[in-house]
Amino acid sequence: MTAAALPVAVVTGASSGIGAATARHLAAAGHRVVLTARRKDRIEALAAELAEAGHQATAYALDVTDRPAVDAFAASLDRCDVLVNNAGGALGADPVASGDPEDWRRMYEVNVIGTLHMTQALLPALTGSGAGTVVVVSSTAGHATYEGGAGYVAAKHGARVLAETLRLEIVGTPVRVIEVAPGMVKTEEFATTRFRGDTERAAKVYEGVPDPLSADDVADTITWAVTRPPHVNIDLLVVRPRAQASNHKVHREG
Ligand SMILES: NC(=O)c1ccc[n+]([C@@H]2O[C@H](COP(=O)([O-])OP(=O)(O)OC[C@H]3O[C@@H](n4cnc5c(N)ncnc54)[C@H](OP(=O)(O)O)[C@@H]3O)[C@@H](O)[C@H]2O)c1
């Protein structure tokens, strides 16, 4: 297939973790991938690595909370078949009584409004593709709460509701909506960002857990769902490590 004929997959938050792994997996599965994130150097390096391996990949620096920038990005695309709304994350782990409202706002902005911006801007192209896919990377935090998690949990519930509602609203159009809700995934930056660079506290999240999920595990799951035939809609895929039976019940050794 020529490059122009390959389905185009846009991945947000492709500069690290699950997003970067998803870009690699979707490229290997035959997509022309468009990598977006704020850190241009990282997505450019990944696009170069993928091109070197014979894949079609481009990088576009983008903050998903910036609507004019998102609209300009959408206008720059010649087609879009898959949108993976992965950009997001947590800030802090404070109880409701003392959580910083600014953290809550920022989490809502990136996890919910960012997903809304991207989905609204790319929906016409996804529909025009004749077989579009919207993926929302939510979290098990979008399905059950835990102490200290309310700000993130509330934002991920918002992302989940966006996915569920969109599916209802666009039924009958050639676009499906897939929610992937990962549990504990050991990525380089997620917990460090959450705890504002405190790597010791971040390491404790995964302490003693035999095999937390990797970014590759989640990317594999996303890619499986995306590569089902277009009439097959995987509404929701919850994926956790075997050692995690629920948000609260985690098996730790040592
Ligand atoms: N790790 C876990 O345990 C886990 C579990 C369930 C769900 N998740 C979800 O999975 C997704 C990826 O998590 P991860 O573990 O791979 O974390 P990560 O490595 O911290 O990745 C977050 C990505 O989001 C991007 N991002 C953040 N703010 C952005 C913005 N305003 N505009 C555009 N991009 C932005 C970051 O790139 P830049 O900084 O370069 O912009 C980065 O590429 C997140 O939505 C997270 O909530 C993670």
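**Group meeting: the sheet and its helices**

Okay, so the main thing here is an open sheet of seven strands, ordered β3-β2-β1-β4-β5-β6-β7, with parallel pairing. β3 and β7 (236–239) are at the edges with a single partner strand each, so one side of each has no neighbour in the sheet. From one strand to the next, the twist averages 15°.

Before I go on, the small print. This is a predicted model, where local features need pLDDT of at least 70 and side-chain atom pairs count only at pLDDT 80 or more, while totals for chains, interfaces and linings use all residues. Residues are numbered from 1 along each chain as its sequence is written, and side-chain values use heavy atoms, with hydrogens and water left out.

Terms, quickly. Helices (H or I, at least four residues) and strands (E, at least two) are DSSP runs, numbered from the N terminus. Two strands pair if DSSP finds at least two bridges between them. Axes are lines fitted to C-alpha atoms, for helices over the stretch in contact, and angles run from 0 to 180 degrees between N-to-C directions.

Let's look at β2, residues 32–37. Is β2 mostly covered or uncovered? Covered: six of its six residues are buried, meaning under 20% relative accessible area, with exposed over 50% and partly exposed in between (1.4 Å probe, protein chains only). In a regular strand, side chains alternate between the two faces of the sheet. Here Arg32, Val34 and Thr36 are buried on one side, and Val33, Leu35 and Ala37 on the other.

Now its partners. β1 (residues 8–12) and β2 pair in parallel over five bridges, and Val11 stands opposite Leu35. β2 and β3 (residues 57–61) also pair in parallel over five bridges, with Val33 opposite Ala57.

At the other end, four bridges join β6 (residues 175–182) to β7, running parallel. Ala181 has Val238 in β7 as its bridge partner.

On to helices. α1 (residues 17–28) lies across β1, β2 and β4 (82–85), at about 170° to β1; contact means heavy atoms within 4.5 Å. α1 also packs on α8 (residues 215–226) at about 50°, with axes 8 Å apart. The two are therefore oblique to each other: under 35 degrees counts as roughly parallel, over 145 as roughly antiparallel, 65 to 115 as roughly perpendicular and the rest as oblique. Among the α1 residues meeting α8 are Gly17, Ile18 and Ala21.

Last one: α4 (residues 101–128) lies across β1, β4, β5 (132–137) and β6, at about 170° to β4.
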